[in-house]
Amino acid sequence: MRAVIQRVRHAGVDVDARTTGAIEQGLMVLVGVAPDDTQTRADKMLHKLLGLRVFSDEAGKMNLNVQQVEGGLLLVPQFTLMANTTKGLRPGFDGAAPPAHGEALFDYLVAQARHAWPYVATGEFGADMQVSLLNDGPVTFIVKT
């Protein structure tokens, strides 16, 4: 799995002019799934998302995780994260999981996240989504499991 994690002041996802998910302070996470990804990798990703210390403590150091600041997680499926851009100018998507596998693993990640933390919102798998956010910092990380 691959994720682009952004610390946000707020973020939301709309599909066909309806909001499918929104959070205030927290992490907006674009999630890409590879063909060989497993539930074990999804569990590792969730552990990283909940534990990553990217929020400032009282001394101004990035020392707190999303749970410690009672922030939200906005999980957005993003198959284009798995694109191969090394040759030519047209991205190749052989590195992305087939839709059924990608959706199943994304749904598993969401279910596990909701079991572990009450503030979880999502985009919609396979939909044309409009994502808006206010990046705080900016603070952005790429994580692979």
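The following dialogue walks through strand pairing and salt bridges in this predicted model.

Q: Where should I start with strand β1, and is the strand largely enclosed or open?
A: A useful first step is to ask what share of a strand's residues is buried, meaning under 20% relative accessible area. Strand β1 covers residues 2-15, and because 10 of its 14 residues are buried, the strand is largely enclosed by the rest of the structure.

Q: How do I read the faces of a strand?
A: In a regular strand the side chains alternate between the two faces of the sheet.

Q: Which strands pair with β1, and in what sense?
A: Pairing is read from the bridges that join one strand to another, and here β1 pairs in the antiparallel sense with β8 (residues 130-144) over 11 bridges, and with β3 (residues 26-32), also antiparallel, over 7 bridges. A further 5 bridges join β1 to β2 (residues 18-23), and these two strands run antiparallel as well.

Q: Which residues stand opposite one another in these pairings?
A: To find the register in the structure, begin with Val4, which stands opposite Ile142 in β8, then move to Val8, which faces Gly26 in β3, and finish at Val13, whose bridge partner in β2 is Gly21.

Q: What should I look for in the hairpin of β1 and β2?
A: The connection between the strands and its backbone angles deserve attention: in this hairpin 2 residues lie between the strands, and Asp16 takes a positive phi near 50°.

Q: How many salt bridges does the structure hold, and which of them involves β1?
A: A salt bridge is judged here by whether a side-chain nitrogen of Lys or Arg lies within 4 Å of a carboxyl oxygen of Asp or Glu. The structure holds 5 salt bridges, among them one in which the side chains of Asp136 and Arg7 meet at 3.5 Å, N to O. This pair links distant parts of the chain, since Asp136 lies in strand β8 and Arg7 in strand β1, 129 residues apart. Arg7, Arg9 and Asp136 are linked in a network of salt bridges.

Q: Are Asp136 and Arg7 buried or exposed?
A: Asp136 counts as buried at 17% relative accessibility, and Arg7 likewise counts as buried, at 8%.

Q: Which acidic residues form salt bridges with Arg41, and how accessible are they?
A: Each partner is best read together with its accessibility. Asp37 forms a salt bridge with Arg41, with the closest N and O atoms 3.0 Å apart, and Asp37 is buried, with a relative accessible area of 3%. The side chains of Asp36 and Arg41 also meet in a salt bridge, at 3.3 Å, N to O, although Asp36 counts as exposed at 51% relative accessibility. Arg41 itself counts as partly exposed, at 27%.

Conventions:
Residues numbered from 1 in each chain as written. Predicted model: local features only at pLDDT ≥ 70, side-chain atom pairs only at ≥ 80, totals over all residues. Heavy atoms only, no water. Buried < 20%, exposed > 50% of the residue type's maximum accessible area, 1.4 Å probe, protein only. Helix = DSSP H or I, 4+ residues; strand = E, 2+ residues; numbered from the N terminus. Pairing = 2+ DSSP bridges.
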